[in-house]
Amino acid sequence: KPDPPSNVSAHPVENIEGMIKVTWNLPVTWKKQDNFYDIIYEIRYRPLTSSNEQVNVIGKRHYTITDALLGSEYLIKLRTKEEYDGHWSEWTSPISARSWTGRYKHTYNRFVHILSLIILVDHQIQSVTGKTCFWNSS
């Protein structure tokens, strides 16, 4: 049976929400020029807060998680085997990654800034008049 894949990494796909790109290399002991069969991979991933794993078998050395929950941390692990009649390797150590959340971070920061301005203006009105002012909507 082969060793697990090597150099597993995962990172958010920038500007695309809910996607995490996972890449890896062949097992360090796998000799490309000597193999008769192709090698296949099994990837398992899940949100850190869930026990429900997604499982996929693939023949490439990359995979894009397309259904990641926004801002959730994911645990990802892989294993490998020869294409025909092989035994699965041990799992890699789990790695973690989050999907891209830049747009929501920007929106949240803008909200906090506007809320701070409202509180500042309200505080200044109370300081000047000594009384609480209410906006008349009519």
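# Worked exercises: strands, rings and two asparagines

In β4, the residue that bridges to Tyr45 is Gln54. Keep that pair in mind, and remember as you go that the model is predicted.

## Exercise 1: Get the overview

Work out which elements the protein has and in what order they come.

Step 1. Count the elements: there are seven strands and one helix.

Step 2. Walk along the chain from the N terminus, and you read β-β-β-β-β-β-β-α.

Step 3. Look at burial. Of the 138 residues in the protein, 25% are buried.

Step 4. Now check the contacts with a separation of 6 or more: 59% of them come from residues 24 or more positions apart.

Step 5. Finish with the surface. The accessible surface is about 9800 Å², and carbon and sulfur atoms hold 53% of it.

## Exercise 2: Build the open sheet

Find the order of the strands in the four-stranded open sheet, and say which strands stand at its edges.

Step 1. A quick reminder: strands in a sheet pair through backbone hydrogen bonds, and the pairing is either parallel or antiparallel.

Step 2. Start from the pair you met at the top. Strand β3 (residues 39-47) runs antiparallel to strand β4 (residues 54-58), with five bridges between them. The bridge from Tyr45 to Gln54 belongs here, and a hairpin of six residues takes the chain from β3 to β4.

Step 3. Go to another pair. Strand β6 (residues 73-82) and β7 are also antiparallel, this time over four bridges. Here Tyr74 has Ala97 in β7 as its bridge partner.

Step 4. Put the strands in order: the open sheet reads β4-β3-β6-β7, with antiparallel pairing.

Step 5. Pick out the edges. β4 and β7 (95-98) each have a single partner strand, so one side of each has no neighbour in the sheet.

Step 6. Add the twist, which averages 30 degrees from one strand to the next.

## Exercise 3: Sort out the aromatic pairs

How many aromatic pairs does a search of the whole structure find? Describe two of them by their geometry and their place in the chain.

Step 1. To describe a pair of aromatic rings, you give the distance of the centres and the angle of the planes.

Step 2. The search comes up with three aromatic pairs.

Step 3. Take Trp24 and Tyr41. Their ring centres are 5.3 Å apart and the planes meet at 65 degrees, which makes the pair edge-to-face. An angle over 60 degrees is what that label asks for.

Step 4. Place the two residues. Trp24 is in strand β2 (residues 20-25) and Tyr41 is in strand β3, so this pair ties together parts 17 residues apart in sequence.

Step 5. Check burial, where the cut-off is under 20% relative accessible area. Trp24 is at 3% relative accessibility, so Trp24 counts as buried. Tyr41, at 1%, counts as buried as well.

Step 6. Now try Tyr45 and Tyr63. With centres 6.1 Å apart and planes at 45 degrees, the pair is tilted. Tyr45 sits in strand β3 and Tyr63 in strand β5 (residues 62-65), 18 residues apart, so to speak of the pair is to speak of a link between distant parts of the chain. Both Tyr45 and Tyr63 are buried.

Step 7. Widen the view: Tyr45, Tyr63 and Tyr74 make up one aromatic cluster.

## Exercise 4: A lysine and a leucine

Over the face of which residue does Lys77 lie, and is Leu26 buried or exposed?

Step 1. Lys77 lies over the face of Trp91, 5.2 Å from the ring centre.

Step 2. Leu26 is found in the loop between β2 and β3. At 13% relative accessibility, Leu26 counts as buried.

Step 3. Compare sequence and space for Leu26 and Thr80: they are 54 residues apart in sequence, with 8.9 Å from C-alpha to C-alpha.

## Exercise 5: Two asparagines with positive phi

Where do Asn7 and Asn15 lie, and are they buried or exposed?

Step 1. Asn7 is a residue other than glycine with a positive phi, near 50 degrees. Asn7 is part of strand β1 (residues 6-12).

Step 2. For Asn15, phi is near 70 degrees, again positive in a residue other than glycine. Asn15 is in the loop between β1 and β2.

Step 3. Exposed means over 50% relative accessible area. Asn7 comes out at 59%, so Asn7 counts as exposed. Asn15, at 55%, counts as exposed too.

Conventions. Residues are numbered from 1 along each chain as its sequence is written. This is a predicted model: local features need pLDDT of at least 70, side-chain atom pairs count only at pLDDT 80 or more; totals for chains, interfaces and linings use all residues. Side-chain values use heavy atoms; hydrogens and water are left out. Two strands pair if DSSP finds at least two bridges between them. Buried means under 20% relative accessible area, exposed over 50%, partly exposed in between (1.4 Å probe, protein chains only). Contact means heavy atoms within 4.5 Å. Accessible areas come from the Shrake-Rupley method with a 1.4 Å probe; for residues, only the protein chains shown count as cover. Rings of Phe, Tyr and Trp (its six-membered ring) pair if their centres lie within 6.5 Å; planes under 30 degrees apart count as stacked, over 60 as edge-to-face and the rest as tilted. A charge sits over a ring if NZ of Lys or CZ of Arg is within 6 Å of the ring centre and within 35 degrees of the ring normal. Axes are lines fitted to C-alpha atoms, for helices over the stretch in contact, and angles run from 0 to 180 degrees between N-to-C directions.
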